[in-house]
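Please walk me through this model in the viewer, one selection at a time. Tell me what to pick next and what I should find there.

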Amino acid sequence: MTGRALPPFLDYAVIPLLNLLAALIVSGLILAAIGVPPGTALASMAEGAFGSADGIGYTLYYATNFIFAGLAVALPARAGLFNIGGEGQAMIGGLLVALVCLGLPGWPWWAALPLAAAAALFGGAAWALIPALLQVRRGSHIVITTILFNFLASKFSTWMLVDVVRAPGDPSPETAGFDPSLALPAAAGSPVNLSLLLALAAAFLAWLLVHRTVWGYELRAAGQSPEAAHYAAIPAGTLAVVAICLGGACAGMIGVNEAMGVEHRLVLGFTAGAGFVGVAVALMGRNHAFGIVLAAILFGALYQGGAELSFDYPQATRDIVVVMDGLVILFCGALEQLWRRPVAALWLRS
Amino acid sequence: MSFAARAGSIHGVVGENGAGKSTLMSILYGYYQPDRGTILLEDEPVRIGDSAQAIKLGIGMVHQHFVLVEDFTVLQNIMLGLEGGFRLAPALAAARRRLAALEAAYGLAVDLDAVVGTLPVGLRQRVEILKALYRGARILILDEPTAVLTPAETEQLFAILRRLQAEGKTIFLITHKLREIMEVTDRVTVLRRGSVAADLATSATSEAELAEFMIGRKPAARAAATPARPGPVRLAATGLVVVDRSGIRRLDGVDLTLRAGEITGIAGVAGNGQSELLAALAGLVPAEGSLRRDGREVPHSGRARALRRSGLAHIPEDRQRMGLIAGFAAWESAILGHQREPRYARRGFLRIGCAVAETLARMAEYEIRPRDPRLRSAAFSGGNQQKLIAARETAPAPEVLLAGQPTRGVDIGAIELIHARLRALRDGGTAILLVSSELDEILALSDRILVMAGGRITGSFEREGASERGIGLMMAGLAAGSA
C-alpha cells in the first residue's frame with residue numbers, strides 16, 4: 001500500500017460511517033435478541049439525540065466534555081504518548097474551578113470565567129505534569145502513572161468534598177452552590193452552555209498548534225520518529241512534557257462545563273467517566289481536532305440517545321447502552337481497518 | 001515490456017530510480033498484479049497472486065532491507081513460519097540437518113545459533129539467502145544486495161552467487177552498480193521509464209554502453225578536479241572519544257579539522273567508527289574531547305541545536321530512520337532539521353506554502369519522482385528519498401556539511417547530480433566531510449583522505465598520493481602511516 005493516501009472524504013467520512021453502520025447493525029441484533037425491535041429502538045435513540053431542541057442540547061452538553069477529554073488524549077498522542085489520566089486531570093481542574101467560584105461571590109460570570117478557566121487549565125496541567133516528568137526523565141510508563149493518578153485524584157476529591165469544602169449541613173459530598181451570578185449562559189431546558197464554544201475554540205487551537213506551527217511540526221516529528229527528531233535537534237523530551245500538560249489542561253476544562261456551566265457547584269464524581277470516553281473519541285477522531293469534534297458529537301448522541309432508549313424500552317437497560325457504546329468503540333477504533341481495504345480497493349479500481 | 005531469463009543464469013536488472021525495477025520484481029514475487037501480460041515459468045503461464053504462491057513456485061526474494069527477527073537466532077529465523085507441529089524441538093532438529101546440508105552445498109557458512117541482531121550485515125544477507133533456499137527457491141531475486149556490503153563482503157556474495165548458479169539456480173540481480181553487472185551476470189536487462197531499453201549478453205556490452213542505455217544519453221564526463229583552495233578551519237575536533245552503551249570505545253581519540261573549501265573523505269570498512277564520528281561531529285552523541293566551530297568551543301549541552309544554528313548541515317547515513325519521517329508528507333520531510341529557519345517559519349507558524357513550493361522546485365531539479373510534495377515520504381523509493389535529503393542539506397549552501405553515504409542506493413544520474421553539487425559547494429567555500437563505503441566516491445571527490453580503523457584515524461592521503469590499493473590496504477589494517 002504505497003502511493004497517495006486515500007482522499008480525505010473516504011478517510012474521514014465514508015470509512016467512519018461504514019464502521020458506525022456496522023456497529024449499529026450488531027447493536028440491532030443484540031436489541032432484537034432481548035426483545036426490543038431494533039428499527040424503532042434506533043429511531044428512538046436518534047429521536048432522543050437529535051429530535052428536539054432539548055435533545056440536541058443534551059447531546060452537545062455531553063459532546064462538550066468529550067471534546068475536552070478527546071483533546072486530552074490526542075495532544076499527548078501526537079508525541080507518541082498515551083495519556084489515560086483525563087479523568088483525574090478533570091477532577092483536579094474541577095476542584096480548582098470550584099475554589100475560584102466559591103471565592104468570587106457576586107462577580108459576573110464573564111469576569112470570573114477567565115479566572116476559573118485559568119484555574120481549570122492549571123489544575124489539569126499540574127496533575128499531568130508529574131506523570132509527564134516521570135515518563136520523560138525516568139521512563140516510568142505514562143499509562144501506568146496516569147491510571148494511578150486517576151485514583152489519587154479520586155481519593156483527593158473525595159477527601160476535599162467530604163471533609164474540606166462540603167457545604168455545612170449538606171449530607172451529600174458536594175460544595176455549596178455558587179453565586180447565581182457566576183452561572184455561564186446556557187440553553188433553556190438543557191445543560192448545554194457557553195463551555196461548548198470554549199471546547200470548539202480549544203479544538204481549533206489544538207489543530208492550529210499541531211498542524212500549523214513549528215512546535216506542532218516538531219511534536220509530530222518526535223512522536224512519529226524519535227531517531228529523526230534526534231537528528232533534527234528537536235528537544236523531544238520537553239515537547240512531550242508540554243504536550244501532556246496541554247492535554248491535562250484540556251481535561252481540566254471539563255470542570256468549567258460541569259461546575260460553572262451545569263451544576264453550579266462541584267459534585268463528587270462529576271466527571272462520570274468522560275475522561276475515559278475521551279480515549280475512544282481520540283481513537284475514532286484519529287487524534288485530529290476536527291475528527292474529535294465529530295466523534296464527540298457522536299458519543300454525545302449515543303449517551304443522550306441511550307438515555308432515551310432506556311426510558312422507552314425498560315429492557316434496554318443502561319448496561320445495554322454501554323454495550324452499544326462499546327460496539328461503536330470496537331468497530332470505529334479497534335476494527336478501524338475493517339473497511340479500509342475493500343474501500344481502498346474499490347477506490348483504486350474506479 | 002518483455003524479457004526472458006535462462007535457467008541457471010545470473011540475470012542483471014539495471015535502471016535508474018523509478019525505472020520500474022522494483023515494480024517488476026514485485027510482480028514476480030506476487031506483491032503486485034500485472035494489469036496485462038503473462039509470466040511464463042518454464043514455458044508454463046503462471047499467476048502469482050501473492051508471495052506464498054511465489055514461494056510455492058520456487059521463487060525466493062532477498063530484500064534490500066532485511067526482514068529478520070533480530071532477537072531470534074539464525075535457525076529460528078530461517079524456519080519461522082514452517083515450524084509444522086506443535087512441538088518445536090523436533091522441527092528445529094530437522095531444520096538444522098537440512099540447513100547444514102544447504103550450507104555445505106552452497107558454501108554459505110553461517111552460525112545457526114548466532115542471534116541475528118549481533119551479526120554483521122553481510123551475514124544477515126546470507127541468512128536471507130539461506131531462508132529462501134530453505135523454502136525451496138529455484139529462482140532467487142536479490143534487490144540491491146550490495147548496497148550495504150563492504151567490498152570484501154560483496155566479493156563473498158558474488159562467490160556465493162556463482163556457486164548457486166553452478167548448482168542450477170536462476171538469479172535475478174537488481175542493482176545500480178554497473179561494475180557488478182559486468183562482473184557477475186550472464187545477461188542484463190536495462191530498464192528505462194518502465195520499459196526495456198536494452199536486453200543483451202553481458203559479454204557483448206560495456207559499462208559505458210549500459211550507462212548510456214540507462215539514462216538515455218552519454219553520462220557527463222567527470223569534471224576535472226580543480227585544486228582546492230582551503231580556507232579557515234570551520235570545524236575542529238580534538239581527542240574525540242565516543243563510548244557506546246556496552247562500554248566499547250567506538251571513537252578512540254580522533255583529531256580532525258574541516259576547512260572551508262575542502263572535501264575531507266573518510267575511508268574505512270563499515271563499523272570502524274565512521275558513523276560515530278559523524279554523530280559526534282553533529283552533536284548527536286555525547287563525546288569527550290573538544291569540538292570547535294570557527295575557533296569557538298561548542299558546549300556539550302544543546303550541542304546539536306547550536307551546531308545546526310551555526311550553519312551545519314548533515315546528510316545522515318541512515319535515511320530510513322533519521323533522514324526523514326515515513327508518515328510525513330514529502331514537503332515536511334524536506335524541511336526536517338531546518339524547520340525553524342526563517343524561510344520555513346514566521347513567528348512560530350510554518351510557512352507551508354513556501355515549503356511546498358520549494359520542495360516542488362527541488363523535485364524538478366533533482367528529478368525526484370513522483371513529483372508530488374504532498375505525498376507521504378514513505379511512498380518514494382529509496383533513491384528518491386536520498387535525493388530529497390541531499391537536496392535539503394545542500395541548498396542553500398551550508399558552512400559545514402557532514403555527508404554520510406550521500407549517494408547510497410541512488411542511480412547514476414543522481415550520483416552525478418549529487419557529486420556536482422558537493423563539488424560546487426566545496427568551490428563555494430563549504431567545509432565538507434564525506435563518509436562513504438564506496439572507495440570510488442571517496443577518491444573522486446576528496447581533496448584529502450583519512451582512513452579509519454578501530455575508531456582511530458590510521459592514515460591520511462593527499463588527493464595526488466592516493467591510490468585505491470594503498471587505501472584499501474590501510475583499511476584492512478595491513479599498512480600504517482601516511483603517504
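The tour below goes through a predicted model, starting with a sheet in chain B and ending with the nonpolar cores.

**Stop 1: the six-stranded sheet**

Select β4, β5, β6, β1, β7 and β8 of chain B. In that order these six strands make up an open sheet with mixed pairing. At the edges are β4 (59–62) and β8 (195–201) of chain B; each has a single partner strand, so one side of each is left without a neighbour in the sheet. From one strand to the next, the twist averages 20 degrees.

Now restrict the view to residues 10–15 and 187–192 of chain B. These are β1 and β7, which pair in the parallel sense over five bridges. To find one bridge, pick Gly15(B): its partner in β7(B) is Leu191(B).

**Stop 2: helices across the sheet**

Keep the sheet shown and add residues 21–28 of chain B. This is helix α1, lying across β1, β4, β5 (139–143), β6 (170–175) and β7 of chain B. Its direction is at about 150 degrees to β5(B).

Next add residues 151–166 of chain B, which are helix α6. Helix α6 of chain B lies across β1, β5 and β6 of that chain, and runs at about 150 degrees to β6(B).

**Stop 3: a hairpin and its other partner**

Move along chain B to β9 (residues 233–243) and β10 (residues 249–259). The two run antiparallel and are joined by eight bridges. Val242(B) is a good place to centre the view, with Leu251(B) of β10(B) opposite.

What does the turn of this hairpin contain? Five residues separate β9(B) from β10(B), and Gly247(B) in the turn has a positive phi of about 85 degrees.

Then add residues 288–293 of chain B, strand β12. β9(B) pairs with β12(B) in the antiparallel sense, over five bridges. Leu235(B) has Arg293(B) of β12(B) as its bridge partner.

**Stop 4: the nonpolar cores**

Switch to chain A and select Phe68, Leu71, Val97, Ala116, Val281, Ile292 and Phe299. In the largest nonpolar core, of 195 residues, these touch the most other members. Helix α3 (residues 53–78) of chain A gives the largest share, 15 residues. Chain B takes part too: domain 2 (221–311 + 398–483) and domain 3 (325–396) of chain B each supply at least three residues.

Centre on Val97(A). Beyond its neighbours within four places in sequence, the contacts of Val97(A) include Ala116(A), Ala120(A), Gly255(A), Val256(A) and Met260(A).

Finish with Val13(B), Ala19(B), Leu99(B) and Leu173(B). They are among the 50 residues of another core, which lies apart from the largest one.

Key:
Residues numbered from 1 in each chain as written. Chains lettered and ligands numbered in written order. Predicted model: local features only at pLDDT ≥ 70, side-chain atom pairs only at ≥ 80, totals over all residues. Pairing = 2+ DSSP bridges. Helix = DSSP H or I, 4+ residues; strand = E, 2+ residues; numbered from the N terminus. Axes fitted to C-alpha atoms, helices over the stretch in contact; angles between N-to-C directions. Contact = placed C-beta atoms within 7 Å. Core = buried A, V, L, I, M, F, W, Y, C linked by C-beta atoms within 7 Å. Buried ≥ 20, exposed ≤ 12 C-beta atoms within 10 Å, placed from the backbone. Domains from an automatic or database assignment.
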